[in-house]
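Please open the model in a viewer and keep the sequence panel visible. The stops below are meant to be taken in order, each beginning with a selection.

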Amino acid sequence: MTRVAIAGFGITKFSKEDIKIESILMNATRDLFSNTPNLTQKDIDGVLVSSNSNSKYLSAILSEIVGIQPSIAHSVESLCNSGTNSIVSAYSYISSGLADVVLVSGAERYDSPGQVLEWDKLRGEFKHPIFWASLFSKSYKRKYKIKDEGLALVSVKNHKQAANNPNALSQREFSIEDVLTSKKLTEDLRLLDCSRPCTGGASILLASEKCCKDFTDSPIWISGVGQKTTSASFTKNLAFDNMDSTKKAAAKAYEMSNHTSKDIDVIELHDAFSVCEPMALESLGIADQGKGIDMVKEAYQTENLKINPRGGLIGSGHPLGATGIAQTIEIAQQLQFDAGKRQVDNPKVGLVHNMSAAATSSTVLVLES
Amino acid sequence: MNFDSELKKGNLIVSDCINCKKITWPPSEFCNQCLKKTSWRKCSNQGKIIEFSKQNDTYFGIIEFEKSFRIIGTIVKGVPEMNKTVEVMDCGILDNDYSLKMKVIE
């Protein structure tokens, strides 16, 4: 089995613009080609598209409009972790020898149909994600005696960090009071606790150990992969104050990479809502149970950017199919010491956590230089 | 007979596997353990509050029935607390969504 490297990437600005899904894919991929001067279309033997769009045949369409005739071409859809799941598929094609160089492109529009899982009838009239987020928040706050002010800090920190991310949906910063006085969606959730759906694209190039050096002098290796889907129904989560699928995915990724949570220097995690950040930190084993908010607070006070340096989903925006790819690009840039004002001090090992449908499915990647 | 048609009539039913006897949830005509056929029966109209929150003046929560299966509904009467028992007052399908209205049993 060959090792698999990240050998290039491209991204668009996240926005609320009305852009065709095919154009978003093309724009992110044009940026990738522009950043990877040695890459030609003929080098690419696989094209995977990650999106929840209802548009069909997007991998063939993207291939045609950027002049690629790949051997392998298909879409990947699994709601909010489509992005990392498509990276895992590309990883598998390369490590098995079926492909050497695979382009993975994710895109979403602000009006994506992937925001609500219609199938999950057991949510009754409460299908919008704000309801599972409210129930997670209530449960987490009760169990660990956390106040709304504690969770609000996640939004404050991630918006502040997004101010240094030129591709973020907004560079606006907010105070704890701003979060606590933003529109009340439920008793346990305010508007600024939420990531926002948006238009955006991200493309990444994966290559075998043999081929990656043709495109980059600083390959970033995918050394650990873990995925776990526990159900599709939100109400089947074992608990609502932690993420069972994340624990299981992380255990696999750590084992495969020969690392532990203590080795992780920088993390992009799936803060779809503010409560998700401490829950994910704990379920990934990075923070002790109930201590996730303490870790967020310490990072914020010491200006340590290691948790969601690009601003996470809350700060950057959440174009579903592009999110996992954008998270992975951020960690790759961090490990290449190329993250500009967002750069974390000397990271060697990074982690990506991407999940879908109220943590019923999680994907964890461990990356290293 | 199926779950949706009975729910429309105001009946909450559950599917038991005729082979392995386990409850399949979400309700289905086939068992999600042994994949054999299920049969329908009326389920208990009392459940336990697993978690809840509130939007405007309306409480909503995850309710667990028969110590087994869960669904989210509206708690229209009484003040919910964790693990308290609720009783289904009304159920049906509203704008294609399952709709359960419950009251807290004091």
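Begin with strand 9 of chain A and strand 10 of chain A (residues 349–356): the two run parallel and are joined by three bridges. This is a predicted model, and every stop on the tour should be read as such. Within this pairing, select Glu268(A); its bridge partner in strand 10 of chain A is Val352(A).

**The sheet of chain A**

Extend the selection to the whole sheet, which is open, has nine strands and follows the order 3-2-4-7-1-8-11-10-9 in chain A, with mixed pairing. At its edges are strand 3 (72–76) and strand 9 (266–268) of chain A, each of which pairs on one side only. From one strand to the next, the twist averages 25°.

**Helices across that sheet**

Next select helix 12 of chain A, residues 320–335. Helix 12 lies across strand 1 (4–11), strand 2, strand 4, strand 7 (200–208), strand 8 (220–229), strand 9, strand 10 and strand 11 (361–368) of chain A. Relative to strand 10 of chain A, this helix runs at about 170°.

Then move to helix 2 of chain A, residues 58–65. Here the strands crossed are strand 2 (46–50), strand 3 and strand 4 (101–108) of chain A, and the angle to strand 2 of chain A is about 125°.

**The barrel of chain B**

Now turn to chain B and select strands 4, 5, 6, 8 and 7. In that order they form a closed barrel of five strands with mixed pairing. The twist from one strand to the next averages 45°.

Isolate strand 5 and strand 6 of chain B, an antiparallel pair held over seven bridges. Within the pair, Phe60(B) has Thr74(B) of strand 6 as its bridge partner. In the loop between strand 5 and strand 6 of chain B, pick Lys67(B). The phi of Lys67(B) is positive, about 50°, although this residue is not a glycine.

For another backbone detail, go to the loop between strand 2 (23–24) and strand 3 (38–42) of chain B, where Pro26(B) lies. The peptide bond leading from Trp25(B) to Pro26(B) is cis, with omega near 5°.

**Where the two chains meet**

Show both chains together and select helix 4 of chain A, residues 129–144. Helix 4 lies across strand 4, strand 5 and strand 6 of chain B, and runs at about 100° to strand 4 of chain B.

Widen the view to the full contact, to which chain A gives 26 residues and chain B gives 25. The area buried between the chains is about 2,200 Å², with carbon and sulfur atoms giving 60%.

Which residue of chain B forms a salt bridge with Arg142(A)? Select Glu51(B): its closest O atom and the closest N atom of Arg142(A) are 2.8 Å apart. The count of salt bridges between the chains is two, and 13 residue pairs are in polar contact, both residues being at pLDDT 80 or more.

Finally, colour the side of chain B that touches chain A. Strand 4 (46–55), strand 5 (58–65), strand 6 (69–77) and strand 8 (97–104) of chain B each supply at least two of its residues. Strand 4 of chain B provides the largest share, six residues. Coloured by class, this side of chain B shows 13 nonpolar, seven polar and five charged residues.

Terms used:
Residues numbered from 1 in each chain as written. Chains lettered and ligands numbered in written order. Predicted model: local features only at pLDDT ≥ 70, side-chain atom pairs only at ≥ 80, totals over all residues. Heavy atoms only, no water. Contact = heavy atoms within 4.5 Å. Buried area = accessible area lost by both parts, 1.4 Å probe. Salt bridge = Lys/Arg side-chain N within 4 Å of Asp/Glu carboxyl O. Polar contact = N/O pair within 3.5 Å; in protein donor to acceptor, adjacent residues only side chain to side chain. Helix = DSSP H or I, 4+ residues; strand = E, 2+ residues; numbered from the N terminus. Nonpolar A, V, L, I, M, F, W, Y, C, P; charged D, E, K, R; others polar. Pairing = 2+ DSSP bridges. Axes fitted to C-alpha atoms, helices over the stretch in contact; angles between N-to-C directions.
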